[in-house]
Structure formats: C-alpha cells, structure tokens
Amino acid sequence: MTPFRELDPLLHSQLRLAIMSVLISVDSAGFSYLREKTEATAGNLSVQIGKLKDAGYISVSKSFGESYPQTMCSITDLGRKKFAEYVTALGDYLKI
Amino acid sequence: MENEEKMMTGEESLSVITEMIYKTRVSITQSSFHLLFWGWLIFACSLSEFLIWKLTNWTNAWYVWLFVIPGVFVSLIYGFVKGKRERVFTYGTSIHVFTWLSFLVSSVIFFIVFPMESESVSKYMLLIAAMPLFISGVVLRFRPLMWGAGAFWVLALMAHFGGETVSGLAMPVAMVVGYLIPGYLLRKRGSHDTFQGA
C-alpha cells in the first residue's frame, strides 16, 4: 500500500488553493481579477497573496497602468511543482 | 471565500480547483476588433487597386496600400491600450499576440525588400497571412479562422495559376472569407461567451 502523502498545509486552505488554481491556468493575473474570481475581500486576498509570495510559490510585480497601480501575480516554478505535488497527493487521498 | 484558514476535505479541495480553473476564462472580443479592422481595410485597398487597374489608365494604383501604414499604428495603439487594461494574461494570449507581431515584421520586411514585385504580392501575402490566422484559430479554438486560413492557401494557389484578374480578386475575396466572416462570428460569440485559457 502506498503511504499517504501529507497535503501541503500552505495549499490546503480554501483561498490560497483558489489563488493557485487560477494562476496555474494563466500566464499572469491582476489583483482585481483574482479578487473577482475568488470572491474574497481585498484585505484577505492581500494577506494570502503575501503568504504565497513569501513561500516562493508566486511572484508579485507592481506596475503603473492608466494612473493607478496594478499588481500582477504569476506562479513560480516552485509553485507549479508544489501545486502538482498537492494534486497528486489529493488524487492518492481520494483514490482517483 | 472569507475563512482563509478553513481546512477542507479532499472533495472540497478538488471542488475549489475545478471551480477556479473553470472560472478562468478570458474575453476574446479584442481579437475580433483586429480581424474586422484589417479585414475591411485590406478589402477596401485590394478592391480599390483592382478596380483602378481595370477601369482606369492610372499606373500607380498601388498607392492605395499607403492606407495600411496608419492602419498599423491604429492596430498597435489599440492593442497597447487594451493590453494595459487587461487584468489577466493567458499563455494563449501571448501566443496569439506574438504570432501576429511576427506576421507584422515579416510583412514589413517583405514590402521593403521586394517592393518592385508588386504584381505577385497577393499570393505571397496570402501565404504569410494564412499561418497566424490558422494559429489563432487553434489558440482560440475557433474553427472559422482555421477554415479562413485554408481559404487563404487555396486562393494563393488560384492567384498563382489563375491569371491577373483572379490574382487581383484573390485578396478581397480572402478578406471576406478569412477575416470578415470569422471576425463577425467571433464578435458575436465573444459578446456572450468566452474561451477558457485562450
């Protein structure tokens, strides 16, 4: 029997997993886009983005577009690897 | 999604991943602008050149193609402004944009290096233009663009073997079949639907 792999606690949280699931599908996404898709509050989203950034799972860049600052997020190679591991572990857990 | 530390069951995790990937959809309406803008511009230029050539004695009918130069700037500025407002970039968007930019570079080099061979321009341009059109069709998963590219290839052959009149009409016909019809279909679809990951 294959030993059960522990799910990454950083990803095993609803909002952070949602952020990573959006970013895995795109090249980069803005803060407002992430907010719209996850339906999270700005403060909450900002905190979770910070945690993912500190762990090196995502990178965050700021630019100045049309007179307002724009925050763009994209997944890093480490984040992609961790997400793949999470999905594999989830598959083992759910036996799919 | 307020409780950021809420622990989920495996099923809930899978549900979050599925839902978010499904929601990550991108509008395709910008693509239809470029198709319609260039479709009408090239259609007007090529048909005007053909009619001037057929109906008048003016030998510089190719002057109508000078309207393409401001067209390039309009298209680039539109794309740049829209790009600045864009809140998400997918891999498909990048492929789409850079494929058409490479087509622009090829076209500019073609016209600068081979300006004297204007009698055979349409068949070569159709061959060059068919490639980004086909790739866009694949990226956007939109078959009318792929059929349009197929029409470009067929019309390029017809322009080569069909004589001057067929060659002169190949470009305006190609614009209707390859740009305008898919462009309007894309705009219609883009107004109420989106493509995932494109």
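**Exercise 1.** Determine how many residues chain B and chain A each bring to their contact, and describe the area buried between them.

*Solution.* Counting contact as heavy atoms within 4.5 Å, one finds 30 residues from chain B and 41 residues from chain A. The model is predicted, so that local features need pLDDT of at least 70 and side-chain atom pairs count only at pLDDT 80 or more, while totals for chains, interfaces and linings use all residues. Residues are numbered from 1 along each chain as its sequence is written, chains are lettered from A in the order in which they are written, and side-chain values use heavy atoms, with hydrogens and water left out. The buried area (the accessible area, 1.4 Å probe, that two parts lose on being put together, summed over both) is about 3,200 Å², of which carbon and sulfur atoms give 53%.

**Exercise 2.** Characterise the packing of helix α2 (residues 31-38) and helix α3 (residues 42-54) of chain A.

*Solution.* Helices here are DSSP runs (H or I, at least four residues), and their axes are lines fitted to C-alpha atoms over the stretch in contact, with angles from 0 to 180 degrees between N-to-C directions. The axes of α2(A) and α3(A) come within 10 Å and cross at roughly 110°; the two helices are therefore roughly perpendicular to each other, a term that covers 65 to 115 degrees. On the α2(A) side, A:Phe31, A:Leu34, A:Arg35 and A:Thr38 meet A:Ala42, A:Leu45, A:Ser46 and A:Ile49 of α3(A).

Note on methods: Parallel < 35°, antiparallel > 145°, perpendicular 65-115°, else oblique.
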